[in-house]
Amino acid sequence: YTLPAQLRPNDQAGHEHFGYLDGISQPGLNGITTNPIPGQTMVDPGKILLGMTGDTMTRPSWAKGGSFLAFRQLRQFVPEFNQFLTKNAIRLPGLSVAQGADLLGARMIGRWKSGTPVDLAPVTDNLAIANNHAMINNFDYTHQGSDITTDQTHCPFTAHTRKTAPRADLTPVDVNHHILRAGIPYGPELTSGEIASGKTSQDRGLAFVAYQSNLGAGFQFLQQKWANNPNFVFGKNISSPGFDPIIGANAGQPRTVTGLDAANTNKNITMMTDFVQSRGGEYFFVPSISAIKNVITAR
């Protein structure tokens, strides 16, 4: 099995195929991350690395400092995603259809294509935030004068970044279900035929990896208990906010999401197709460098 990477060109470098800047937010590790950025969640290193502080399992000595890796080949249906945004473009005064489509996409992801959190820029992108490392992650979905249990005007409860990292939605802030993630695009850019038809004909997507010390508390938990759970985030005025609109799965059935339309956050939007499909993957153990040198290759 091989999956050749295909870095995206020019101003799309660092962006996945839907066009959004990737890999912006990662947890910091206590005692390892020396200069956490504002808004970065700090967790014990044992949530990512085996045998370290915070790892609740007993590990053999050679496993210390290693990590479990979850790999998924995620196919992205980009023409269908773009077509969905245009057909359901948010209608607000002063916004063109294209701008309304961009706003809907930002509310589905939780960030604008630049990386700016929609929670900090709820109507239009703000590049001053995207270009400032002290601001780009400094948010938690709380706003003075608004109620976090009812307010979706800044960011929908179901936005991808909120479903997988709920920040102040959980009290205390969650420090047990975190992953270090990375990804690299594969497949070609959109063809003219795909753009014209709105149908995917070429295989493209993201080679996704996530590191954690416990797969059940990391990748599997985030996907199954949060992204795929229409009732999460809990404690809101809506008992079932809906699925993660990007990676949430409903066994191939339609997915209903509320809060995406900034003009009417009570409106339900139903997605008849998945825009991201897992083509397969595997779990691996990644040993530390010292284990490779002193144990594995020494035998």
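These are legends for five close-up views of a predicted model.

**View 1. Helices H1 and H2 pack against each other.** Two packed helices are described by the angle between their axes and the distance between the axes. For H1 (residues 78-87) and H2 (residues 97-109), that comes to an angle of about 115 degrees, with the axes 8 Å apart. The crossing is a right-handed one. On the H1 side, look for Phe81, Phe84, Leu85 and Thr86; their partners in H2 are Val97, Ala101, Leu104, Gly105 and Met108. Sorted by class, this contact has seven nonpolar residues, two polar ones and no charged ones.

**View 2. The second largest pocket has H1 in its lining.** Here we're looking at about 160 Å³ of space. Helix H1 gives the most to the lining, with four residues, and strand S7 (268-271) also supplies at least two. The residues to pick out are Glu80, Gln83, Phe84, Lys87, Asn88, Lys199, Thr270, Met271, Met272, Thr273 and Phe275. Phe84 may ring a bell: this pocket-lining residue is also one of the H1 residues that meet H2. As for chemistry, the lining divides into four nonpolar, four polar and three charged residues.

**View 3. Helix H6 has buried residues packed against several elements.** H6 covers residues 219-227, and its buried residues are Phe219, Phe221, Leu222, Gln223, Trp226 and Ala227. What do they pack against? Their neighbours are three strands, S3 (67-76), S5 (205-212) and S8 (276-286), plus helix H4 (160-164).

**View 4. Two cis peptide bonds sit in loops.** Most residues other than glycine have a negative phi, and most peptide bonds are trans. One cis bond joins Thr171 and Pro172, with omega about -5 degrees; Pro172 belongs to the loop between H4 and strand S4 (180-186). The other cis bond links Phe232 to Val233, and its omega is about 20 degrees. You'll find Val233 in the loop between H6 and strand S6 (255-258).

**View 5. Asn10 and Arg167 each have a positive phi.** Asn10 isn't a glycine, yet its phi is about 50 degrees. Asn10 lies in the segment before strand S1 (28-29). Arg167, not a glycine either, likewise has a phi of about 50 degrees, and its place is the loop between H4 and S4. Is each of these residues buried or exposed? Asn10 has a relative accessible area of 70%, so it counts as exposed. Arg167 comes in at 12%, which means it is buried, since the cut-off for buried is under 20%.

Terms used. Residues are numbered from 1 along each chain as its sequence is written. This is a predicted model: local features need pLDDT of at least 70, side-chain atom pairs count only at pLDDT 80 or more; totals for chains, interfaces and linings use all residues. Side-chain values use heavy atoms; hydrogens and water are left out. Axes are lines fitted to C-alpha atoms, for helices over the stretch in contact, and angles run from 0 to 180 degrees between N-to-C directions. A crossing is left-handed if the near helix is turned anticlockwise from the far one by less than a right angle, and right-handed if clockwise. Contact means heavy atoms within 4.5 Å. Ala, Val, Leu, Ile, Met, Phe, Trp, Tyr, Cys and Pro count as nonpolar, Asp, Glu, Lys and Arg as charged, and the others, Gly among them, as polar. On a 1 Å grid over the protein atoms alone, a cavity is a set of points where a 1.4 Å probe fits but cannot get out, and a pocket is an open set with protein on both sides within 12 Å along at least five of seven lines; lining residues have an atom within 4 Å of a point. Grid points are joined across faces, edges and corners, and a volume is the space filled by probe spheres set on the points. Buried means under 20% relative accessible area, exposed over 50%, partly exposed in between (1.4 Å probe, protein chains only).
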